[in-house]
Amino acid sequence: MAEAKKEHQLIVSVSPHIKSEETTSRIMWSVNASLLPAIVMGAYFFGPRAVITVAISIIAAVLSEYIFQKALKRKVTVTDGSVFLTGLLLGMNLPPSVPFYIPIIGSFVAVVITKQLFGGLGFNVFNPALIGRAFLLISFPRLMTIWKEPSAAFLHLDAKTTATPLGILKEEGVAKLMEVFGDKINLYTQLFVGHRAGSIGETSAIALLIGAVFLLYRGYISWHIPVSFLGTAAIIAWIFGGKGALFAGDPIVHLLSGGMLLGAFFMATDYVTCPSVKKGQILFGIGCGFLTMLIRLKGGYPEGVMFAILIMNCFSPLIDRGFKTKVFGAIKRTKEIKK
Amino acid sequence: MAAQTGKVNYIELITNGIIKENTIFKLALSLCPSIAVTNNLKNGVLMGVAVLFVQVMVNITISLMRKIIHPRIRLPIFMLVISGWVTITDMSMAAAVPDVYKQMGLYIQLIVAFASILARAEMFASKNRIAPSMADGIGMGIGFLFALTVISFFRELIGKGSVWGMPIVHTKPLLIMILPAGGFFAVGILMAFFNWIDVKFFKKGASAHH
């Protein structure tokens, strides 16, 4: 009797019961694939060392998760692609010339402290890759802000360092930026292609947009967060970005430089750490855009995408609660009590 | 507690504060100083010693006065006694170690508001005789001192590469560990570590109790 019971155990779960082809690992590997163009552009501009840095970051992330889950006798989930994505995003967010121990420390912090100690995939409060990067930026402020000058020659070995467009904008203003890049059209094209100093995977706007379009087309991310994020940032850059006068800023420079596109499409949209209600996602994006521009224009760092997303991550549960959809037919409790 | 039975196990009273009811690792009380002053070993140890002294003296004083304190105004009286002893500690430290005091003077004064000291006065010293109260104070104080020493040792070692101001490791230190954020990391990880030791080696089948 008991055995028969075991065989015919029916699992009744909460609706919906429709089965879909989509699984966590399928989505995660698609996101990984969508980042490929940006990696190729990063490799093209920053050379083989950049590729090795990203590879080390991924290997360290996967190994950290594997060893941690083995040590705690949990189910090993390294093949679902999420830890690969964490390592990949962390590597893409590093400057091209960091020493090789940096991605290892960053991946360890990202995977073990930010993700696994909180309970693994689905339970982390913050985006693991961004916490890894924040940890590194605070621990090694000098190493994390040495920017290599991009060069199209693949094996260009004598690396020169330079400032990022945002760094120039912060320290010396728009005039200097124009001087470095020539005219406005040249500036926009260079930013769009990715021929500028910056983190390995963030520079090429066109490559990131190709990946983003793929994700939007497949429905893995929705437009709500990226559009509200970039829109808010563009409006604030336009109004307050200029020197002296209002409405004199250049929103395009702000959108195309720094980690804005990488952050808006690939990191703010992380399923685990962003709100799940659509209206809430718009508020989340507005908050990210506002905080990014606040840090860029008034803060101490030239770039604020990372901290903006991390700060908004802690508001996600609150936003979700605030925009909770009404259950059909439900009556408000307070009325009952009054009666 | 122990006083009613007449026979007092002093060893148990002392180890209780160090292991079973460790202020920081088990009760998670007084976390403010354990994060704020533990960015180097010297500050951590001095803070621990100051708390040990205040805890023992407060326990003795309250125990002495326990029969004449009216229960309705006991908390204000406890606070007055605690702030009296903290002021004595504060002034002695300002005179004895002025350069360290400059860094952590504020936190010495904050000992007044430590939940752990008030809790021991209320829960133990006001109900027990002087000797057990003293033993309890010593146990709790040593437990706190131990926790602060461990936290500040690791934070200074990792964050600055030195121990008690002497450089030991010559690689690039992880700067974050001596900043406030690193304090949370250190306390959290050590707390998890000591709980793991407790479950693994001291309480076989602890989960069955709860």
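# A walk through a two-chain predicted model

Start by selecting helix H16 of chain A, residues 305-322: its 18 residues reach 24 Å from the first C-alpha to the last, close to the 26 Å expected at 1.5 Å a residue. Keep in mind as you go that this is a predicted model.

**Stop 1: along H16(A)**

Where does H16(A) bend? Click on Phe315(A), where the helix bends by about 45°. A proline, Pro317(A), follows within four residues. Now colour the buried residues of H16(A): Val305(A), Met306(A), Ala308(A), Ile309(A), Leu310(A), Met312(A), Asn313(A), Ser316(A) and Ile319(A). To see what they pack against, show three more helices of chain A: H7 (128-139), H14 (260-267) and H15 (278-298).

**Stop 2: just before H16(A)**

Step back to Glu303(A), in the loop between H15 and H16 of chain A. Is Glu303(A) buried or exposed? Glu303(A) is buried, because 25 other C-beta atoms lie within 10 Å, and the cut-off for buried is 20 or more. Add Leu166(A), Gly258(A), Gly259(A) and Arg296(A) to the selection; these are the contacts of Glu303(A) once its neighbours within four places in sequence are left aside. You can also draw a distance from Glu303(A) to Thr292(A): the two are eleven residues apart in sequence, and their C-alpha atoms are 7.4 Å apart in space.

**Stop 3: the nonpolar core**

Next, look inside. In soluble globular proteins, nonpolar side chains tend to be buried together. Here the largest nonpolar core has 131 residues. Which of them touch the most other members? Select Met92(A), Leu130(A), Ile309(A), Val54(B) and Val58(B). The element that gives the most to this core is helix H4 of chain B, residues 41-65, with ten residues. You have already met Ile309(A), one of the buried residues of H16(A).

Now centre on Met92(A). With its neighbours within four places in sequence left aside, Met92(A) is in contact with Leu35(A), Ala38(A), Ile39(A), Gly42(A), Val54(A), Ser199(A), Ile200(A), Gly201(A), Glu202(A) and Leu262(A).

**Stop 4: two loops of chain A**

Select Lys73(A), in the loop between helix H4 (48-71) and helix H5 (82-92) of chain A. Check its backbone: phi is near 55°, a positive value in a residue other than glycine. Most residues other than glycine have a negative phi. Lys73(A) counts as exposed, because it has 7 C-beta neighbours inside 10 Å.

Then jump to Ser222(A), in the loop between helix H11 (205-218) and helix H12 (224-240) of chain A. Ser222(A) is partly exposed, with 13 other C-beta atoms within 10 Å. Show Lys278(A) as well: the C-alpha atoms of Ser222(A) and Lys278(A) are 8.7 Å apart in space, although 56 residues separate the pair in sequence.

Before you leave, zoom out to see chain A as a whole. Chain A has 17 helices and two strands, and 45% of its 339 residues are buried. Among contacts in chain A between residues at least 6 apart in sequence, 71% join residues at least 24 apart.

**Stop 5: across to chain B**

Show both chains together. Four residues of chain A are in contact with five residues of chain B. On the chain A side, the touching residues divide into three nonpolar, one polar and no charged.

Now hide chain A. Chain B has nine helices and two strands, and from the N terminus on its elements run α-α-α-α-α-α-α-α-β-β-α. The radius of gyration of chain B is 18 Å, close to the 17 Å that the globule rule gives for 210 residues, so chain B is as compact as a globular protein of that length. Turn it around and you can picture the box its C-alpha atoms fill, roughly 60 × 50 × 25 Å along the principal axes. Buried residues make up 39% of the 210 residues in chain B.

**Stop 6: a turn of the backbone and a last helix**

Select Trp164(B), in the loop between strand S1 (162-163) and strand S2 (166-167) of chain B. Trp164(B) has a positive phi of about 50° although it is not a glycine. Is Trp164(B) buried or exposed? Trp164(B) counts as exposed, because it has 12 C-beta neighbours inside 10 Å.

Finish on helix H9 of chain B, residues 180-202. Its 23 residues reach 32 Å from the first C-alpha to the last, close to the 33 Å expected at 1.5 Å a residue. Pick out Gly182(B), Gly183(B), Phe185(B), Ala186(B) and Val187(B), which are buried in H9(B). What covers them includes helix H3 (31-36) and helix H8 (130-160) of chain B.

Technical notes: Residues numbered from 1 in each chain as written. Chains lettered and ligands numbered in written order. Predicted model: local features only at pLDDT ≥ 70, side-chain atom pairs only at ≥ 80, totals over all residues. Rg over C-alpha atoms; globule rule 2.2 N^0.38 Å. Contact = placed C-beta atoms within 7 Å. Nonpolar A, V, L, I, M, F, W, Y, C, P; charged D, E, K, R; others polar. Core = buried A, V, L, I, M, F, W, Y, C linked by C-beta atoms within 7 Å. Expected span 1.5 Å × (residues − 1). Bend = angle between axes of the 7 residues up to and from the residue.
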